[in-house]
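Visitor: I'm new to reading protein structures. Could you walk me through this one, question by question?

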Amino acid sequence: MFEHENVEEQIEKIYNLHYLDVYRFLICFSGNQNDAEDVTQEVFIRVLNNLSNKARITNLKTWIFSIAKYVAIDHYRKKRFSSLFTDGFFKQIASTEKDPNQVIEQNETKQLVHTAISKLKPTYRAIVILRGINECSIKETAEILQCSESKVKVDYHRALKEMRKN
């Protein structure tokens with residue numbers, strides 16, 4: 001039926017042929033004009049998105065109505081779920097995310113720490129990164145840097161002191 005036409009013409013023809021039937025079906029299904037219009041629009045969007053599978057479509061009208069049925073059921077399922085909650089319900093749930101000011105402040109602090117670390121001499125820098133950022137123990141840091149634990153303690157203390165100066 002639509003083999004030699006371009007896609008726009010196919011869609012327009014399908015829409016003009018079936019719009020009114022689908023709309024009437026959805027008006028009866030919902031009993032609400034606004035909902036029927038919204039769901040009808042969704043039905044034709046799905047038809048458009050799945051039109052490439054038309055080789056599997058044996059009867060266009062029944063295929064469109066089966067889409068309409070599922071879209072209508074989905075719409076009312078979602079509507080029923082959202083109607084269970086009042087408008088203020090979701091506002092009562094506290095957000096677990098930080099507010100933008102906290103994020104900005106945290107990013108500024110990170111930048112300051114990175115700048116201060118970059119100004120340290122390489123041995124202090126490695127110790128601060130291992131101990132302060134990677135949270136390695138004194139023993140682990142000493143093993144990684146192949147030095148004594150007491151040197152790690154002293155150098156870490158000196159590095160922090162130097163960072164505070166900057």
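Visitor: How much area does the chain expose, and what share of it do carbon and sulfur atoms supply?
Guide: Keep in mind that this is a predicted model. The chain exposes about 12500 Å². Carbon and sulfur atoms supply part of that area, and their share is 53%.

Visitor: What percentage of the residues count as buried?
Guide: To be called buried, a residue needs a relative accessible area under 20%. The chain has 166 residues, and the portion that counts as buried is 23%.

Visitor: How many helices and how many strands are there?
Guide: Let's walk along the chain from the N terminus. The elements run α-α-α-α-α-α-α-α. That agrees with the totals for the secondary structure: zero strands and eight helices.

Visitor: Which element gives the most residues to the largest nonpolar core?
Guide: The largest nonpolar core has 18 residues, and those with the most contacts inside it include Ile14, Trp63 and Ile64. The elements that give two or more residues to this core are α1, α2 and α3. With seven residues, the top giver is α3.

Visitor: Let's zoom in on one core member. Which residues does Val22 touch, leaving out those up to four places away in sequence?
Guide: Val22 is among the residues with the most contacts inside the largest core. Here a contact means heavy atoms within 4.5 Å. With residues up to four places away left out, Val22 touches Thr40, Val43, Phe44, Ile64, Phe65 and Ala68.

Visitor: How many residues are in the second, separate core?
Guide: This second core is separate from the one we just looked at. Its members include Ala116, Ile117, Tyr124 and Met163, and its size is 11 residues.

Visitor: Which residues line the largest cavity?
Guide: The structure holds one cavity of 30 Å³ or more. About 40 Å³ of space lies in the largest cavity. Helices α1 and α2 each supply at least two residues of its lining. The lining residues are Ile11, Ile14, Tyr15, Phe44, Val47 and Leu48.

Visitor: On to charged side chains. How many salt bridges are there?
Guide: To count, a side-chain nitrogen of Lys or Arg has to be within 4 Å of a carboxyl oxygen of Asp or Glu. Lys61 and Asp21 make one such pair, at 3.8 Å from N to O. By this rule, the count is six.

Visitor: What about that pair: how many residues apart are Lys61 and Asp21?
Guide: The salt bridge joins the side chains of Lys61 and Asp21. Lys61 is in helix α3 (residues 60-83) and Asp21 is in helix α1 (residues 7-30), so the pair links distant parts of the chain. Both count as partly exposed, because Lys61 has a relative accessibility of 40% and Asp21 has one of 26%. Along the chain, they are 40 residues apart.

Visitor: Which helices hold Asp74 and Arg46?
Guide: These two form a salt bridge, with their closest N and O atoms 3.9 Å apart. The pair ties together parts that are 28 residues apart in sequence, because Asp74 lies in α3 and Arg46 in α2.

Visitor: Is Arg77 buried or exposed?
Guide: Arg77 also meets Asp74 in a salt bridge, at 3.7 Å from N to O. Being three residues apart in helix α3, the two are separated by about one helical turn. Asp74 is partly exposed at 26%. Arg77 has a relative accessible area of 52%, so Arg77 is exposed.

Visitor: Which residues are linked in a network of salt bridges?
Guide: We have already met the bridge between Asp74 and Arg46, and the one between Arg77 and Asp74. Add Glu42, and the network links Glu42, Arg46, Asp74 and Arg77.

Visitor: Is Thr141 buried or exposed?
Guide: Thr141 lies in helix α7 (residues 138-145). Leaving out residues up to four places away in sequence, Thr141 touches Ile127, Leu130, Arg131, Cys136 and Val152. Its relative accessibility is 0%, so Thr141 counts as buried.

Visitor: Last one: what separates the C-alpha atoms of Asn166 and Ala116?
Guide: Asn166 lies in the segment after α8 (149-165), and at 52% relative accessibility Asn166 counts as exposed. Asn166 and Ala116 are 50 residues apart along the chain, and their C-alpha atoms are separated by 6.4 Å.

Definitions and conventions. Residues are numbered from 1 along each chain as its sequence is written. This is a predicted model: local features need pLDDT of at least 70, side-chain atom pairs count only at pLDDT 80 or more; totals for chains, interfaces and linings use all residues. Side-chain values use heavy atoms; hydrogens and water are left out. Helices (H or I, at least four residues) and strands (E, at least two) are DSSP runs, numbered from the N terminus. Buried means under 20% relative accessible area, exposed over 50%, partly exposed in between (1.4 Å probe, protein chains only). A nonpolar core is a set of buried Ala, Val, Leu, Ile, Met, Phe, Trp, Tyr and Cys residues joined through side-chain atoms within 4.5 Å. Accessible areas come from the Shrake-Rupley method with a 1.4 Å probe; for residues, only the protein chains shown count as cover. On a 1 Å grid over the protein atoms alone, a cavity is a set of points where a 1.4 Å probe fits but cannot get out, and a pocket is an open set with protein on both sides within 12 Å along at least five of seven lines; lining residues have an atom within 4 Å of a point. Grid points are joined across faces, edges and corners, and a volume is the space filled by probe spheres set on the points.
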